[in-house]
Amino acid sequence: MIGYIVKLIKSLNANSNPGEIAHAVSIGILLGLMPKNNLLWYILFVFFLFVRINKGCYFIFMIIASLIAPVFDGIFDTIGYSILTLNALQPTFGMLLDIPFVGFTKFNNTIVTGSLCIGLIAYIPFYILFRVLIQVWRKTLANKFAQSKVSTMLYQIPIVGKILSLSTGDDL
């Protein structure tokens, strides 16, 4: 876990593309919102491991979103139910269930469908938000934070100082 935090801090302050970080955050939130007990989640998880994104951000935001996802299960269930009961999509869903192994994706579970749809809808706003935040961090906030008293206090905490020194390449 500390390695992912180090990668996140390095990427925020490095010359890496802000789009890679913003995509990683958005994908992490998308997968974090989905239940983990279905084949669809595992397929998407493995697929995104091969995409060029910041893996530290990907894992950290997946864990964060997984922790808050149960709060929204009622909303996911309502949205998933409304999507799965659309009359226009009934033949498509029936055809998909007849295909071998597609049932293991549990797309017919209301929470899986609802969380996937909410994650897909939220993808672009999260991408834009985090891309802007990264650019603001790099241009203005990083230098102010480095010179603040808060950063010097954080360096004095042993584990935080170690993480920050690893991210900058310094040795303690």
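## Warm-up exercises on an all-helix pattern

In the protein chain, 72% of the contacts (heavy atoms within 4.5 Å) with a separation of 6 or more link residues 24 or more positions apart. This is a predicted model, where local features need pLDDT of at least 70, side-chain atom pairs count only at pLDDT 80 or more, and totals for chains, interfaces and linings use all residues. Residues are numbered from 1 along each chain as its sequence is written, and side-chain values use heavy atoms, with hydrogens and water left out.

**Exercise 1.** Work out how many helices and strands the protein chain has.

*Solution.* Start with the rule: DSSP runs count, with helices being H or I of at least four residues and strands E of at least two, numbered from the N terminus. That gives nine helices and zero strands. Reading along the sequence, you get α-α-α-α-α-α-α-α-α.

**Exercise 2.** Find where F101 and K106 sit, then look at their phi values.

*Solution.* First, F101 lies in the loop between helix 6 (90-98) and helix 7 (110-146). K106 is also in the loop between helix 6 and helix 7. Next, phi: F101 is near 70 degrees, and K106 is at about 55 degrees. Most residues other than glycine have a negative phi.

**Exercise 3.** Sort F101, K106, C57 and C117 into buried, partly exposed or exposed.

*Solution.* Buried means under 20% relative accessible area, exposed over 50%, and partly exposed in between (1.4 Å probe, protein chains only). F101, at 61%, is exposed. K106 is partly exposed at 31%, and C117 is partly exposed at 24%. C57 is buried at 0%.
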